[in-house]
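Visitor: I'm new to this structure, and I'd like a close look at one part of it. Could you take me through the aromatic rings and the strands that carry them?

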Amino acid sequence: MRAAGTFTVKAFVPTELVPEPAVATGLPVGVSTMEKRFEGEVVGRSATVFTSAYDQTAGVGTYVAMESFEGSLHGKSGAFNFVHSAATSGSDRTAEFFAIVPSSGTGELARISGTGGVAVDADGNHRIWFDYEIG
């Protein structure tokens, strides 16, 4: 089953976490926390740990995000974790990965599994979808 929606980022807070040992690379690695709000067939909020190696000026890099979602998909309520990542060379998204974390569901979403995706439209609208099963 597919549940689709849109989301807005309510908070994006860089942290002071510095990986040890320090390794000099061509792109800086940063860690931030995020809060998102979802609307549509996906309703709720998430808390996210966001890690990236990214050049702000060139718009080039890669991110990995682990999200804890609380809300509903098609009216079924609960919580679960999902992970996603992608790379960009400026205006594209490549090497995308998206998965619901096994055994992370609660409530009516207790046995959720599946995949999904994230897209950012040309107008800046953020979309998300989950292709999921509740087993």
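Guide: Let's start with two rings: Phe 69 is buried, and Phe 80 is buried too. Keep in mind as you look around that this is a predicted model. We'll come back to those two after meeting another couple of rings.

A search through the whole structure turns up 11 aromatic pairs. Take Phe 7 and Phe 38: their ring centres are 5.7 Å apart and their planes sit at 45 degrees, so this pair goes down as tilted. Stacked would need planes under 30 degrees apart, and edge-to-face would need over 60. The two partners come from distant parts of the chain, with Phe 7 in strand β1 and Phe 38 in strand β2, 31 residues apart. Are they buried or exposed? Phe 7 has a relative accessible area of 6%, so it is buried, and Phe 38 is buried as well, at 3%. The cut-off for buried is under 20%.

Now back to our opening rings. Phe 69 and Phe 80 also make a tilted aromatic pair, at 5.2 Å centre to centre and with 45 degrees between the planes. This pair, too, links distant parts of the chain: Phe 69 belongs to strand β4 and Phe 80 to strand β5, 11 residues apart. Both pairs are part of one aromatic cluster, made up of Phe 7, Phe 38, Phe 69, Phe 80, Phe 82, Phe 98 and Phe 130.

What about the strands themselves? Strand β1 covers residues 2-14 and pairs with strand β8, residues 126-134, in the antiparallel sense over 6 bridges. On that side, Arg 2 stands opposite Asp 131 of β8. β1 also pairs with β2, residues 29-40, again antiparallel, this time over 9 bridges. There you can find Ala 11 standing opposite Glu 35 in β2. In a regular strand, side chains alternate between the two faces of the sheet.

While you're looking at β4 and β5, have a peek at the loop between them, where His 74 is found. His 74 has a phi near 50 degrees, a positive value in a residue other than glycine. Most residues other than glycine have a negative phi. His 74 is partly exposed, with a relative accessible area of 33%.

You can spot another positive phi at Ser 103, about 65 degrees, and this residue isn't a glycine either. Ser 103 lies in the loop between β6 and β7. With 77% relative accessibility, Ser 103 counts as exposed.

Methods
Residues numbered from 1 in each chain as written. Predicted model: local features only at pLDDT ≥ 70, side-chain atom pairs only at ≥ 80, totals over all residues. Heavy atoms only, no water. Pairing = 2+ DSSP bridges. Helix = DSSP H or I, 4+ residues; strand = E, 2+ residues; numbered from the N terminus. Buried < 20%, exposed > 50% of the residue type's maximum accessible area, 1.4 Å probe, protein only. Phe/Tyr/Trp six-rings, centres within 6.5 Å; stacked < 30°, edge-to-face > 60°.
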